There are 4 protein chains.
Amino acid sequence: MLPFEHRSQLRVRYGETDQMGVVWHGNYILYFEAARTEAMRACGGSYRELEEAGVMMPVVEVGVRYIRPAHYDDLLTIVVRIEDPPGARMTFTYNVLNEEGETLATGHTVLAFMDAATRRPCRPPNTLRRLFSRN
Amino acid sequence: MLPFEHRSQLRVRYGETDQMGVVWHGNYILYFEAARTEAMRACGGSYRELEEAGVMMPVVEVGVRYIRPAHYDDLLTIVVRIEDPPGARMTFTYNVLNEEGETLATGHTVLAFMDAATRRPCRPPNTLRRLFSRN
Amino acid sequence: MLPFEHRSQLRVRYGETDQMGVVWHGNYILYFEAARTEAMRACGGSYRELEEAGVMMPVVEVGVRYIRPAHYDDLLTIVVRIEDPPGARMTFTYNVLNEEGETLATGHTVLAFMDAATRRPCRPPNTLRRLFSRN
Amino acid sequence: MLPFEHRSQLRVRYGETDQMGVVWHGNYILYFEAARTEAMRACGGSYRELEEAGVMMPVVEVGVRYIRPAHYDDLLTIVVRIEDPPGARMTFTYNVLNEEGETLATGHTVLAFMDAATRRPCRPPNTLRRLFSRN
């Protein structure tokens, strides 16, 4: 049911920092992806099973805005939201929070649906469409 | 002198691919950064020297659009462009091309200027402002 | 008290796989590090606090043996063991298990102690020596 | 012809550093791999073509010793050596040098041969065996 929201947590790894002493900005993409995986698992639409069933979801767009830095060993909360039902594309938005609940970064990814065998665009699986419908 | 354009090349590493058999989408951020470093070096504004002089340029925004996949061992060309003089922020845009000259991805990053000691925003160094002025 | 053993779990991220369809071998170093951080926190010797107190532990040696592949979305258990009290160096060994309890990889890291200010070798902090003594 | 030696260069990326202000130790595995790819290409045994021909070379062991740190923007030289003809396994050793020719790290990787279709061990392709024979 939409809108759908899910929260998961992760701990910043040392190797994810850079010499500025904060999380290297590119690693938020990893965090978004981990949170997206958890969000899809939580609502019964495991991405792993999707791929095993022959549907891949390549990322076609990503964007991040950085507000406050994250540091090594921080416990981050990633809030994932899905507002719209999956069509040719599916959009996830993210909010990265620290332990004080402050927003460190926001972002979004847009994914497409691709037949793993033909590598051609395909329609979203019915399972996903049922999970993320308006009512 | 603006607009400024610079091209550099890099070879896709095996560890940069994912199980879709293509470059993992987050790694384009690494490519943008490598190309930005080369672009700044080429025009005499080495980012390394900037940091050694006490100015850091944290990334405040990044965006990528993925058009065609890149593969292991591909030789990619990254075109970096700077259109506007550095103010409170500085924007770089990117075009990632394969060996056939096809665009694989486009993107941009917006960076701020920060005093390394105080971690407070600061003005862009004069060296950079002279390098990237309108005439 | 030695020997010390600690277990933690992590979920394989998509971006950690490579085009062989398994976890890229270099990413086990990230897993070892995450598990080492958790092990040190669990016994009261937080690495973050260690660095904040001015002691860094650069890695001087790492080794991994790969036995079975790990896959995207696998829930891995990392067993960390410390056998010997910290001296000029400190050695951690690792065992990476899948959900069936099979060993996927084993490894070790050797770390030194370094004064963060002078970047010179230093003795292990007393806190660590007390935590990891023979009795 | 053995022993075989090859040198290639790479520039350290910002995202490859960590908050210690040096290259994060796990990233040497990326460097070894990039250098191995170049070494194999240079002698006519492109790893990409090997995989396209149905043979994969999973890493079964890796080891690194860290001597001096590498820094952002350093131009590193990686010396790859092959001493022994490929059998069930194939070993590469590495020497990472800075611009002054000092050794920053040494390491090795052991790779196996695997049939990409069956995922079973296989013999090294004849092309590779001819390239890396004793005389």
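These legends describe close-up views of a predicted model.

**View 1. An open sheet of ten strands spans chains C and D.**
The strand order is 1(C)-4(C)-5(C)-6(C)-3(C)-3(D)-6(D)-5(D)-4(D)-1(D). Pairing is antiparallel. Strand 1 (4-11) of chain C and strand 1 (4-11) of chain D stand at the edges. Each has a single partner strand, so one side of each is left without a neighbour in the sheet. From one strand to the next, the twist averages 15°.

**View 2. Strand 3 and strand 6 of chain C run antiparallel.**
Strand 3 covers residues 59-66 of chain C, and strand 6 covers residues 103-112. Seven bridges join the two. One residue pair can be picked out here: C:Val62 has C:Thr109, in strand 6 of chain C, as its bridge partner. Helix 1 (residues 27-42) of chain C packs on the sheet. This helix touches strand 1, strand 3, strand 4 (75-82), strand 5 (89-97) and strand 6 of chain C. Its direction makes about 130° with that of strand 1 of chain C.

**View 3. Helix 1 of chain D lies across five strands of chain D: strand 1, strand 3, strand 4, strand 5 and strand 6.**
The helix comprises residues 27-42. Beneath the title's list, the strand limits are 59-66 for strand 3, 75-82 for strand 4, 89-97 for strand 5 and 103-112 for strand 6. Helix 1 of chain D runs at about 130° to strand 1 of chain D.

**View 4. Strand 3 of chain A meets strand 3 of chain B.**
The two strands run antiparallel and are joined by five bridges. Strand 3 of chain A covers residues 59-66. A:Val62 stands opposite B:Val64, which belongs to strand 3 of chain B.

**View 5. Chain B contacts chain A through 15 residues on each side.**
On the side of chain B that touches chain A, helix 1 (27-42) and strand 3 (59-66) of chain B each supply at least two residues. Strand 3 of chain B gives the largest share, eight residues. By class, this side of chain B has ten nonpolar, three polar and two charged residues. Of the interface residues of chain B, 100% are also interface residues in chain A, so the copies meet through the same surface.

**View 6. A turn of 180° lays chain B on chain A.**
The RMSD is 0.0 Å, and the shift along the axis is 0.0 Å. The two copies are thus related as by a two-fold rotation axis. Which residue of chain B comes closest to the rotation axis? B:Gly63 does, with its C-alpha at 2.1 Å.

**View 7. Helix 1 of chain B is mostly covered.**
Of its 16 residues, 14 are buried. At 1.5 Å a residue, the 16 residues should span 22 Å. The end C-alpha atoms of helix 1 of chain B are 23 Å apart, which agrees. B:Gly44 follows the helix. The phi of B:Gly44 is positive, near 90°.

**View 8. Chain A also contacts chain D.**
Nine residues of chain A are in contact with nine residues of chain D. The side of chain A that touches chain D divides into three nonpolar, five polar and one charged residue. Of the interface residues of chain A, 100% are also interface residues in chain D, so these copies meet through the same surface. Chain A can be laid on chain D by a turn of 180° with a shift of 0.0 Å along the axis. The RMSD of this superposition is 0.0 Å.

**View 9. C:Met20 sits in the loop between strand 1 and helix 1 of chain C.**
Is C:Met20 buried or exposed? It counts as buried, because it has 21 C-beta neighbours inside 10 Å, where 20 or more are required. Leaving aside neighbours within four places in sequence, C:Met20 is in contact with D:Met56 and D:Pro58. C:Met114 lies 94 residues from C:Met20 along the chain, and their C-alpha atoms are separated by 38 Å.

**View 10. D:Gly45 lies in the loop between helix 1 and helix 2 (47-52) of chain D.**
D:Gly45 is buried, with 20 other C-beta atoms within 10 Å. Not counting residues up to four places away in sequence, D:Gly45 touches D:Met40, D:Leu50, D:Thr127, D:Leu128 and D:Leu131. D:Arg129 is 84 residues from D:Gly45 along the chain, and their C-alpha atoms are separated by 9.9 Å.

Notes. Residues numbered from 1 in each chain as written. Chains lettered and ligands numbered in written order. Predicted model: local features only at pLDDT ≥ 70, side-chain atom pairs only at ≥ 80, totals over all residues. Pairing = 2+ DSSP bridges. Helix = DSSP H or I, 4+ residues; strand = E, 2+ residues; numbered from the N terminus. Axes fitted to C-alpha atoms, helices over the stretch in contact; angles between N-to-C directions. Contact = placed C-beta atoms within 7 Å. Nonpolar A, V, L, I, M, F, W, Y, C, P; charged D, E, K, R; others polar. Least-squares fit on C-alpha atoms with pLDDT ≥ 70 in both. Expected span 1.5 Å × (residues − 1). Buried ≥ 20, exposed ≤ 12 C-beta atoms within 10 Å, placed from the backbone.
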